[in-house]
Amino acid sequence: MAYRHVVGPRTWAFADLASLMAKATPPRSGDRLAGIAAESAEESWAARWCLAEVPLKEILARPLIPYEADAVTRLILDTHDAAAFAEIGHLTVGDFREFLLMASPEALTGIAPAVTPEIAAAVSKIMRNQDLILVARKCRVVTKFRNTIGLPGTLAVRLQPNHPTDDPAGITAAILDGLSYGCGDAVIGINPASDSVQALGDLLHLLDELIQRHAIPTQSCVLTHVTTTLEAMGRGLPVDLVFQSIAGTEAANASFGVTLDLLEEAHDAMRALKRGTLGDNGMYFETGQGSCLSANAHHGIDQQTLEARAYAVARPFRPLLVNTVVGFIGPEYLYDGKEIIRAGLEDHFCGKLMGVPLGVDVCYTNHAEADQDDMDTLLTLLGAAGCTYIMGVPGADDVMLNYQSTAFHDSLYLREVLGLKRAPEFEAWLHAIGLTDGAGTLLTGAQNRLLADAPELAA
Amino acid sequence: MSDQAEIWARLARLTPARIGLGRAGSGQTTRSVLGFGLAHAQARDAVHTPMDAEAIRAGIEALGLSTLAAASRAEDRATYLRRPDLGRSLARTSRDALAAAAGETHDLALVVADGLSARAIHENAVPFLEAFRPRADEAGWRLAPVVVATQARVALGDAVGEALRARAVAVLIGERPGLSSPDSLGIYLTFGPRPGRSDAERNCISNVRAAGLAPDKAAFRLAWLLDQALARGLTGVHLKDESDRVLEAPDRPAALPQG
């Protein structure tokens, strides 16, 4: 069915819902690359007017990718909570925006299982940045493994101690550095340079021993393909979190070598290990706008809607952490700081609205029109929006993946400016080992007990 | 404190990561902020500085290799960055010129491509070819003229290799610059080049630069891979780079690169 909107003498027509949503998307290079973006500013705003009048029921009734053709669509519709939808089913997209602005945190929690990714994406397209921040801030998504992530007023950090050759001493040095800045409550997570199970085992043991030796209330992860992690679990290696990159269509996931059944198998294996002490949220997913287009698996759908569909893939596995690696993919998908900032806020909003613990890798590559000032802006906005976690990379420079993210210092900045705390168990541990005062502020000149490990490392 | 400062200095030597930076309150020190900004500026310049194709061609011709110029359909850097599809496709004039120059079949076409770092090409392309050429001569491979291509992505090599009737193509390309490595060259080898080849059908040698994989060693690897590719008729995920084993095997010293 075609959609129409009249602006003065001109009637704008949109062939179908996918086209309407694509043209209503705030401008970005990836949708232009796909050939689905609005061709003028007026067309884009006409599409937003038109989209605002579409009933949520209609979005639910018209899957962008047919039920028969895509496992992600089937997952979305099969797990949709019809009872919760009764609360919002009478609304249009435009009404829904106003409902969200006025809703209480409890009401938002109640409707989360009724929000499909298409509904979340549709409403985000007619929301300004401040709307995305205001509503996301009210969403509560709390998860647990060895600590509690996502409590109001907290911000966690993934400590990312990558090394170009996985050198154990170099990785340990970076971990000690990050912990000394009070980072690592979300996870200590390594992107390995090697994908062999042997190398994976060495890193898993390194992390497990370090966490045990210092009794750190956190969890570890080596971010490798889920099949490799399954093999590691089968060999009895100490796996805390199970990682996988995911995307919003069955075909894109297939290009990653992933199916929903495989994720289910990994989820079961993780839970059987019972390594979480406070909870069993043990999955960790990464996503990012543009991955479906990059895999030639986008079905003519805009990249932001597809990204929200990736959160629907994550949702049934009750993950501890999900993050969008927002600026990593490059300028052909998100061209500059403005596009990256908008995408980061959209992704965080859509994830939280759907009940997913969304963090953001606030990042960019050197061929994007962006710099550290843009990252400061996005970081600050996400702090205001109640972002679950950010990355902590030494000096913001990832020497293995060759991109710029956020530094350990950036979390200190955000805590000081916005008064954000760490996961409470981790906060208590930092205080107990004498690195922070009672308010969680790093002490200057404190004797750093973690460095007891250091002499043997750097002998 | 001085004990701790000394420990951090020692730890910092264990990794190229920026650790032990210290802090000024919740912020970074002036030194680390300015150091980061300068490194980012160098990486940005590497992306946006045009490749000096004439100088590169002259350098290659001085090695005794003939060259040809080519361009992708991306007309400028802004287009190149937004439209990877155009960077993978040969401009019509280039396609015609290469076809006219193709002549007989070749074992290998070499493409020197600006990619995302002209600096990587300026600093590493000629030293690499200088190291590779004797290995090609020794193996008796028939080399096509070296194509110097502007606004080029890796897959442009597929069209070049096909136009030059080459059994394989090796694309020397400026890699996406990292903050600490603005000068890194990547080499992608593809057997049976033709438009439509996927990245899974290529072998990659990355981080070729003075502070990374030295030209001699990279040349050895490419020769090893090409030898395997021509013998087995494939490249990609089914051709594992085991040149390390040859390099490291103590009983085969003859295989070690000289110098």
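Trainee: How far does helix α11 (residues 168-180) of chain A reach from its first C-alpha to its last, and what makes that value the expected one?

Mentor: Helix α11 of chain A, where a helix is a DSSP run of H or I with at least four residues, numbered from the N terminus, has 13 residues and reaches 18 Å. The expected span is 1.5 Å times one less than the number of residues, and for this helix that gives 18 Å, so the value is close to what is expected. Before we go on, note that this is a predicted model, in which local features need pLDDT of at least 70 and side-chain atom pairs count only at pLDDT 80 or more, while totals for chains, interfaces and linings use all residues. Residues are numbered from 1 along each chain as its sequence is written, and chains are lettered from A and ligands numbered from 1 in the order in which they are written.

Trainee: What makes α11(A) mostly covered?

Mentor: A residue is called buried if 20 or more other C-beta atoms, placed from the backbone, lie within 10 Å of its own, exposed if 12 or fewer do, and partly exposed in between. In α11(A), 11 of the 13 residues are buried, among them A:G170, A:I175 and A:S180. Just after the helix comes A:G182, whose phi is positive, near 75°.

Trainee: Which strands does α11(A) touch in the sheet on which it packs?

Mentor: Let us take the sheet before the helix. Strands are DSSP runs of E with at least two residues, and two of them pair if DSSP finds at least two bridges between them. Strands β7-β6-β5-β12 of chain A, in that order, form an open sheet with parallel pairing. Its edge strands are β7 (220-222) and β12 (389-392), each pairing on one side only, and the twist from one strand to the next averages 25°. Inside this sheet, β5 (residues 156-159) and β12(A) are joined by four bridges, and A:V157 has A:I390 as its bridge partner. Against it packs α11(A), touching β5, β6 (187-190) and β12 of chain A, with its direction at about 165° to that of β5(A). Such angles run from 0 to 180 degrees between N-to-C directions, with axes fitted to C-alpha atoms, for helices over the stretch in contact. Helix α12 (residues 197-213) of chain A also lies across part of this sheet, over β6 and β7, and runs at about 165° to β7(A).

Trainee: Why are β8 (242-245) and β11 (358-361) of chain A said to stand at the edges?

Mentor: They belong to an open parallel sheet of four strands, in the order β8-β9-β10-β11. Each of the two has a single partner strand, so one side of each is left without a neighbour in the sheet. For β11(A), the pairing with β10 (residues 321-325) runs over four bridges, and with at least two required, these strands count as paired.

Trainee: How do you know which way β1 (residues 3-7) and β2 (residues 10-14) of chain A run, and how many bridges join them?

Mentor: These two strands run antiparallel and are joined by five bridges, one of which links A:V7 to A:R10. They form a hairpin with two residues between them, and A:G8 in the turn has a positive phi of about 55°.

Trainee: Which element gives the largest share of the side of chain A that touches chain B?

Mentor: Contact here means that the C-beta atoms of two residues, placed from the backbone, lie within 7 Å. By that rule the contact takes 37 residues from chain A and 34 from chain B, and the largest share of the chain A side, six residues, comes from α11(A). This side divides into 18 nonpolar, 13 polar and six charged residues, where Ala, Val, Leu, Ile, Met, Phe, Trp, Tyr, Cys and Pro count as nonpolar, Asp, Glu, Lys and Arg as charged, and the others, Gly among them, as polar.

Trainee: Is B:D199 buried or exposed, and what makes it so?

Mentor: B:D199 has 12 other C-beta atoms within 10 Å, and because the limit for exposed is 12 or fewer, B:D199 is exposed. It sits in the loop between β5 (185-191) and β6 (202-208) of chain B. In chain B as a whole, 48% of the 259 residues count as buried.
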